[in-house]
Structure formats: C-alpha cells, structure tokens
Amino acid sequence: MLTGTPAYTPPVTRATFRRSAIAAAVVAVIALAVLVPMGLGLYAVFGAVGLGLGVLNSWLVMRAVVNFAAAQPTRGSFTRSVLGRLALITVLAFGCALLFRPPGLGVFAGLAVFQFLAVASSMVPLIKEIRKR
C-alpha cells in the first residue's frame with residue numbers, strides 16, 4: 001500500500017529521470033554542435049527530437065506508475081495505458097521519419113541513444129550500492 005500523496009515519486013526515480021534528461025540535453029547540444037558545421041544539421045535536429053521523445057516517454061512512465069500505484073488499476077487499464085503511450089511515441093517517430101526522409105530517421109537514433117542513457121543512468125544507484133559493500 002502506498003502511503004502519502006498520489007503524486008509521490010521516490011527520490012531515486014526522480015534523480016534517475018533528472019540524470020537521463022540532462023544527459024539527453026547534453027547529447028543533443030553536442031550533436032548539434034558537431035553535425036551542423038558538417039552540413040548534417042537536420043539529422044541532429046531530428047536526433048534531438050528523438051531524445052526529446054525519449055524524455056517524454058520516460059516522464060509519462062514515471063507519472064503512470066505513480067498514478068497506478070495510488071489507484072490500483074486493473075490489468076486491462078494498465079495495458080491500455082502502456083500501449084497508448086508507446087503508440088503515441090511510435091506514431092510521432094514514424095511520422096517524422098516518413099515526412100522528412102532521410103533526415104527524419106534521426107528520430108530513431110535519438111530514441112535509441114536515450115534508451116542507452118536511461119539504462120546507464122539507472123545503473124548509477126546500483127553501482128553506488130555495490131561499492132558500499
């Protein structure tokens with residue numbers, strides 16, 4: 001049972017999200033700084049859009065988990081929420097990729113890079129815990 005307000009998010013989760021979002025912003029700025037002078041600015045822009053979609057997805061996951069922990073949803077409502085969120089991100093990514101071919105494919109690169117950053121940043125608390133022992 002969750003105690004406290006429904007908007008409670010564990011500090012480790014907030015810190016992991018913050019680290020991931022900051023790392024995504026840094027990668028986006030570096031990509032823009034490197035690729036724009038090379039004439040590949042649109043690839044960098046769409047990569048940054050992909051990173052932004054990754055941050056959005058991560059934030060929506062965090063918000064959904066908090067809401068579901070407080071509401072104790074059914075399996076069906078949880079499944080619909082997950083599929084709806086993934087469908088939204090996928091439609092946006094495919095839309096960019098199809099409408100702005102080939103630079104729009106950078107959205108998928110940005111999403112992939114964000115997943116790597118999210119996994120790496122979520123390992124930080126685990127590594128700290130292992131080093132304590």
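In what order do the elements of the protein chain run from the N terminus on? The order is α-α-α-α. That fits the count for the chain, which comes to 4 helices and 0 strands. Before I go further, please keep in mind that this is a predicted model.

Some overall figures next. The protein chain has 133 residues, and 28% of them count as buried. Taken along the principal axes, the C-alpha atoms fill a box of roughly 55 × 40 × 20 Å.

I will start with helix α1, which covers residues 11-35. There is a nonpolar surface patch of about 620 Å², made by Ile 22, Val 26, Ile 30, Val 34, Met 38, Leu 40 and Tyr 43. Helix α1 gives the most to this patch, with 4 residues. Take Val 34 as an example, since its place is in helix α1. Val 34 has a relative accessibility of 44% and counts as partly exposed.

Now helix α2, residues 41-71. This helix has 31 residues, and from its first C-alpha to its last it reaches 44 Å. At 1.5 Å a residue one would expect 45 Å, so the reach is close to the expected value. What follows α2? The residue there is Gln 72, and its phi is positive, near 50°.

On to the aromatic rings. How many aromatic pairs does the count come to? The count is 2. One of them joins Phe 46 and Phe 100, with 5.1 Å centre to centre and 35° between the planes, which puts this pair in the tilted class. Phe 46 lies in helix α2, while Phe 100 lies in the loop between α3 (75-99) and α4 (106-132), so the pair ties together parts that are 54 residues apart in sequence. Is Phe 46 buried or exposed? With a relative accessible area of 9%, Phe 46 is buried. Phe 100, at 44%, is partly exposed.

Phe 94 and Phe 108 form an aromatic pair too, and this one is edge-to-face, at 5.2 Å centre to centre with 65° between the planes. Phe 94 sits in helix α3 and Phe 108 in helix α4, 14 residues apart, and the pair links these distant parts of the chain. Both residues have side chains with some access: Phe 94 is partly exposed, with a relative accessible area of 46%, and Phe 108 is partly exposed at 33%.

The loop between α3 and α4 also holds Gly 104. Gly 104 is buried, and its relative accessible area is 0%. For a sense of distance, the C-alpha atoms of Gly 104 and Val 27 are separated by 18 Å, and these two residues are 77 apart along the chain.

Last, helix α4. It has 27 residues, which should span 39 Å at 1.5 Å a residue, and the end C-alpha atoms are 40 Å apart, in agreement. Where does α4 bend? The bend is at Val 124, by about 30°, and a proline, Pro 125, follows within four residues. As for what is covered in this helix, the buried residues of α4 are Gly 106, Val 107, Gly 110, Leu 111, Phe 114, Leu 117, Ala 118 and Ser 121.

To recap, the chain has 4 helices and 0 strands, a nonpolar surface patch to which α1 gives the most, 2 aromatic pairs, and a bend in α4 at Val 124.

Notes. Residues numbered from 1 in each chain as written. Predicted model: local features only at pLDDT ≥ 70, side-chain atom pairs only at ≥ 80, totals over all residues. Heavy atoms only, no water. Helix = DSSP H or I, 4+ residues; strand = E, 2+ residues; numbered from the N terminus. Phe/Tyr/Trp six-rings, centres within 6.5 Å; stacked < 30°, edge-to-face > 60°. Buried < 20%, exposed > 50% of the residue type's maximum accessible area, 1.4 Å probe, protein only. Patch = residues over 30% accessible without salt bridge, like charges linked within 9 Å, V, L, I, M, F, W, Y side chains within 5 Å. Areas by Shrake-Rupley, 256 points an atom, 1.4 Å probe, with all protein chains shown as cover. Salt bridge = Lys/Arg side-chain N within 4 Å of Asp/Glu carboxyl O. Bend = angle between axes of the 7 residues up to and from the residue.
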